[in-house]
Structures are given as structure tokens and as C-alpha cells.
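Biologist: I should like a close look at a single part of this model, followed by an account of how that part fits into the whole.

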Amino acid sequence: MEEIKIEEVIDKPLKEAISKEILSDLPEWFGLPQSTKEYIHQAAKHPFWVAKNKKQILGFISMRETSIDCAEIYCMGVKKEFHRKGIGSLLVEALEASAIQKYSYLQVKTVAQGHYKEYDRTIAFYKNMGFKKMEVFPFLWDEWNPCLVMVKKIR
């Protein structure tokens, strides 16, 4: 694989275009059209990084402040053909390098363990990145998508 570069993106329409391209490749994770549209719209409002090689966009990550001490990985996606190649780790590391300047903690929300195999892989990824299970909120999103909040102390 060619060299992967992680770059911060400032331009809102470009953020929307990138997130739309990536999330449309991930229907197993982002298959609810209204929710996906909201992720795309909101991701453009927040700090945003893209992973790319010379030829194409590979993935992105966006960060949102949740309190004066904590930021969250608001949305993240890597095209399926590039899963398990270290791109997600590079994106989280870029976000973390920025977050550590202002925040003490990072959090991420995902679907609780045992509901969908795709999300079980997502949880394993975040565990490998140092995140710990904080709490499951069974009805934050809806009954069939219980929300797992994972946290990581970054300073």
C-alpha cells in the first residue's frame, strides 16, 4: 500500500463530501439513512481528519467536545477494503494528538457488545486503542441499538 497521510480538513463542504463517500461504503455500520445524513452534516461542524494515499480517500474521523474535560470521537469510518491495515489507528492517533492539548479524556459511543458482529469488531478496535467500557445506556438511541460508552484517559 502507498504511503498513508493524515491531514486535518477545515473546509465544511469537503468534510461533508468525504464523510458521505466513506459512510456510503459502510452500510453495515451506517445503514439508517436519516442517522447517516445527520452524521455527515454534524461531522462537518467539528474538527476533522482524513486518511488518504496519493490516489484516494481511505477514511476520516471527527471530534466533538462533550465537556470542558472530555471530547468524543463523533464519527469515524474507513472504507471496507482498507479495514485492518492500520488506518483507523492512525486516525485515532491524529485526533488524540489534537485532543490532548485541551482535554483529559476521550469517549466514543458505539452499539453494545453482542448485538451485531460488526460492532463487536468496532469494540475490539477501540479496546486495542486503549478505551475502556464505561457504561451501557439501553435506551439512549433505541431498544435494538443499546449505546455503549467507552472512555480513555489521555492526560
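Across which strands does helix α2 lie, and at about what angle does the helix run to β4? Please take strand β4 as the part to be examined closely.

Modeller: The model is a predicted one, and the values below are computed from it. Helix α2, residues 33-43, lies across β2, β3 and β4, and its direction makes an angle of about 120° with β4. Helix α1, residues 12-23, lies across β1, β2, β3 and β4. For α1 the stated angle refers to β3, to which the helix runs at about 120°. Strand β4 is thus among the strands crossed by α1 and among those crossed by α2.

The burial of β4 may be considered next. The strand comprises residues 70-78, and nine of these nine residues are buried, that is, each has under 20% relative accessible area. Strand β4 is therefore largely enclosed by the rest of the structure. For the protein chain as a whole, buried residues make up 45% of the 155 residues.

The pairing of β4 can be described one side at a time. On one side is strand β3, residues 57-65, which pairs with β4 in the antiparallel sense over seven bridges. Within this pairing, C75 of β4 stands opposite S62. The two strands form a hairpin, with four residues between β3 and β4.

On the other side is strand β5, residues 105-111, which runs parallel to β4 and is joined to it by four bridges. Two positions illustrate this pairing: I73 has V108 in β5 as its bridge partner, and E72 stands opposite Q107 in β5. The connection from β4 to β5 involves helix α3, residues 87-99; the three elements make a right-handed β-α-β unit. Strand β4 accordingly takes part in a hairpin with β3 and in a β-α-β unit with α3 and β5.

These pairings belong to a wider arrangement. The sheet is open and has seven strands in the order β1-β2-β3-β4-β5-β7-β6, with mixed pairing. Its edge strands are β1, residues 5-9, and β6, each of which pairs on one side only. Neighbouring strands of the sheet are turned against each other by 25° on average, direction ignored. Towards the β6 edge, strand β6 (residues 132-142) and strand β7 (residues 145-153) run antiparallel and are joined by six bridges. K133 stands opposite M150 in β7, and a hairpin links β6 to β7 through two residues.

Finally, the chain as a whole gives the setting for β4. It contains four helices and seven strands, and from the N terminus on its elements follow the order β-α-α-β-β-β-α-β-α-β-β. The radius of gyration is 15 Å, close to the 15 Å given by the globule rule for 155 residues, so the chain is as compact as a globular protein of that length. Along its principal axes the C-alpha trace spans about 40 × 35 × 30 Å. Among contacts with a separation of 6 or more, 63% are between residues 24 or more positions apart. The chain exposes about 8,800 Å², of which carbon and sulfur atoms supply 52%.

How values were computed
Residues numbered from 1 in each chain as written. Predicted model: local features only at pLDDT ≥ 70, side-chain atom pairs only at ≥ 80, totals over all residues. Heavy atoms only, no water. Buried < 20%, exposed > 50% of the residue type's maximum accessible area, 1.4 Å probe, protein only. Pairing = 2+ DSSP bridges. Right-handed = clockwise from strand over helix to strand, strands pointing away. Rg over C-alpha atoms; globule rule 2.2 N^0.38 Å. Contact = heavy atoms within 4.5 Å. Areas by Shrake-Rupley, 256 points an atom, 1.4 Å probe, with all protein chains shown as cover. Axes fitted to C-alpha atoms, helices over the stretch in contact; angles between N-to-C directions.
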